[in-house]
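Good morning, everyone, and thank you for making the time. Today I would like to talk about empty space inside a protein, so please keep the structure open while I speak.

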Amino acid sequence: MVNITINGMAIQVEEGTSILEAAKTVGIDIPTLCFLKDINEIGACRACVVEVEGIDRLVTSCDNVCREGMVIRTNTSRVREARRTNLELLLSQHRVNCPACERNGTCRLQELVAAFPVSDKTTYKSEYSLDPCDESLPIIRDESKCIKCYRCISVCEKIQSLGIWDMVGTGANTTVSVSRHRKLADADCSFCGQCITHCPTNALHTRDDTSAIFGVNGVLDDPDKVVVVQVAPAVRAAWGEAFGLPPEVATEKRMAAALRRIGFDYVFDTNFSADLTIMEEGTEFLERIKHPEGKKWPMFTSCCPGWVRFLKSQYPDMVDQLSTAKSPQQMFGAVTKSYFAKKIGVDPENIVCVSIMPCTAKKAELEIPSINDAAEGCKDVDFSLTTREMCRMIRADQLDVAALPEEEFDSPLGTGTGAAVIFGTTGGVMEAALRTCYYVLTGENPDADETFKAVRALDSKKPWIEAEYNIAGITVRAAVANSLGNARKLLRAIRRGEVEYQFVEVMACPGGCVGGGGQPIHYNEERAAERGHVLYNYDSKNVLRYSHENPEIKAIYADYLGEPCGELAHHLLHTDHHAWDLPHAAVYDEDVRV
């Protein structure tokens, strides 16, 4: 322990504690812009400067540790003026169009400027040399908003292990761009969107597709179109944050009511197709277990498009080990444009399928040509919106969310089980699949709360977690990883022969879909674990806990698909991961990327 004094208060902190963290222990919140604990501690923004007795210059508090006897002042006039000046310098290079900016209200720079009012004589640039960006991609970079905090670089390199972003230029021309002088479309980007959720401004943002839905000439205005919307499990755990509402108020049924008020003709639950995914992926896994001859192990889950892109670009030799099952988003689109179209007697071309996802990579997934199989000449899913985009639509229609009545999802694609809802959190896909595999092999249901609890990875600090089960005499070794950096560690261990598994779940984003790149943004707050517990609460309260017990799943197989992994199911619900290409990784060996 070391003894220090902060603003006249004598305290003790552990040796090695930063000044920033020490101040928090006594209720002093020193402002930061670039700081991201253990990821980006570089003092680049200079917003966190403090005075230290005996040192003439101001000291950045995020990357300087406390020393014995330090006397620190965080609120002197010199400190305040330095912070204000630094903010003015950042603003002088920042395109200030806050009312029209997507991050208006959630921008960290805007928040700090409000706390340290800048001079009304501050001058702003009127012209910017904008890098041309491909606005067809899910992720868009706006150079005029960048404050050179380098958080995106650190997150992509240290959490996702991809290194898509890098510093380019020198001196006053230093900025952030795609590494190795590439265009984003030509890079091995997973489109996970973690760079977006960690950007403090709007320099990185998601392509906005809301105008195509409810803008002028949007599909909701077309009387000839039936517009169907599906909502992913993880969305219900986070959407209320945009309105300051707790989960018990911002329920999935109020979300369904809000989407009806916006104008969607049918509001469905992606939980239905998550259950469908379990039936297909679980059957595929059981077939591999029963007939292992010539099979490569492990079998990987395939419902996360960021993870699929990662595996295809980084480890293309392992693509055959991906489950061929489509993601719940794409399965839903396939049955909407086939089964549901026949049910309501509408040509698939006149159905518009919209998904609300916690994910930015979903916008790229629906564009894969080989993944659209339901109807010739049209996509299975037409538009994918993020949770943030849905919340902006609700806000634009001035809906009082808390006052909305609770309404059920529509049928026949609106019923989901507890197994489906936990798809949104890391370990959930594995647990849901094992619940049904257990039933198929034993003829009875496992204890939904306890039997496969070991694969719940929400609070784990390990790169991956593993569990071994004996089900009807069959040994299943399972592993679960979230974040692509952890996925890389796991894949390396598998390649070296250090570990052996039969079934592996990987989610691209930390915490799984609940921590996805399309979820509400909170500066330096990681809410994935909190949101995941909301989903487990939904599961525990659901009358239906197992995918194979979903009555609408039983009906679609009985009336239309036949059997899991049957001929029609395979055509509509499975895909060939080799049928599309994307840029491969930079040259690397098994352990070191070059």
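Let me begin with the second largest cavity, which has a volume of about 130 Å³, and let me say straight away that what we are looking at is a predicted model. This second largest cavity is lined by 15 residues, and those that lie nearest its centre are Val308, Glu365, Ile368, Ile371 and Trp580. If we sort the lining of the second largest cavity by class, we find eight nonpolar, four polar and three charged residues.

Which elements supply at least two residues each to this lining? They are H9 and helix H11, the latter running over 362-365, and it is H9 that gives the largest share of the lining of the second largest cavity, namely three residues.

Now let us turn to the largest cavity, whose volume is about 270 Å³. Its lining is made up of 25 residues, and Cys303, Pro358, Lys362, Phe423 and Cys513 are the ones that lie nearest the centre of the largest cavity. Two or more residues of that lining come from each of helix H8 (270-290), helix H9 (305-314) and helix H10 (328-344). As for the classes, the lining of the largest cavity holds 18 nonpolar residues, six polar ones and one charged residue.

You will have noticed that H9 came up twice, since this helix contributes to the lining of the largest cavity and also to that of the second largest cavity.

Finally, how many cavities of 30 Å³ or more does the count give? The count comes to five, and I have described two of them here in detail.

Conventions
Residues are numbered from 1 along each chain as its sequence is written. This is a predicted model: local features need pLDDT of at least 70, side-chain atom pairs count only at pLDDT 80 or more; totals for chains, interfaces and linings use all residues. Side-chain values use heavy atoms; hydrogens and water are left out. On a 1 Å grid over the protein atoms alone, a cavity is a set of points where a 1.4 Å probe fits but cannot get out, and a pocket is an open set with protein on both sides within 12 Å along at least five of seven lines; lining residues have an atom within 4 Å of a point. Grid points are joined across faces, edges and corners, and a volume is the space filled by probe spheres set on the points. Helices (H or I, at least four residues) and strands (E, at least two) are DSSP runs, numbered from the N terminus. Ala, Val, Leu, Ile, Met, Phe, Trp, Tyr, Cys and Pro count as nonpolar, Asp, Glu, Lys and Arg as charged, and the others, Gly among them, as polar.
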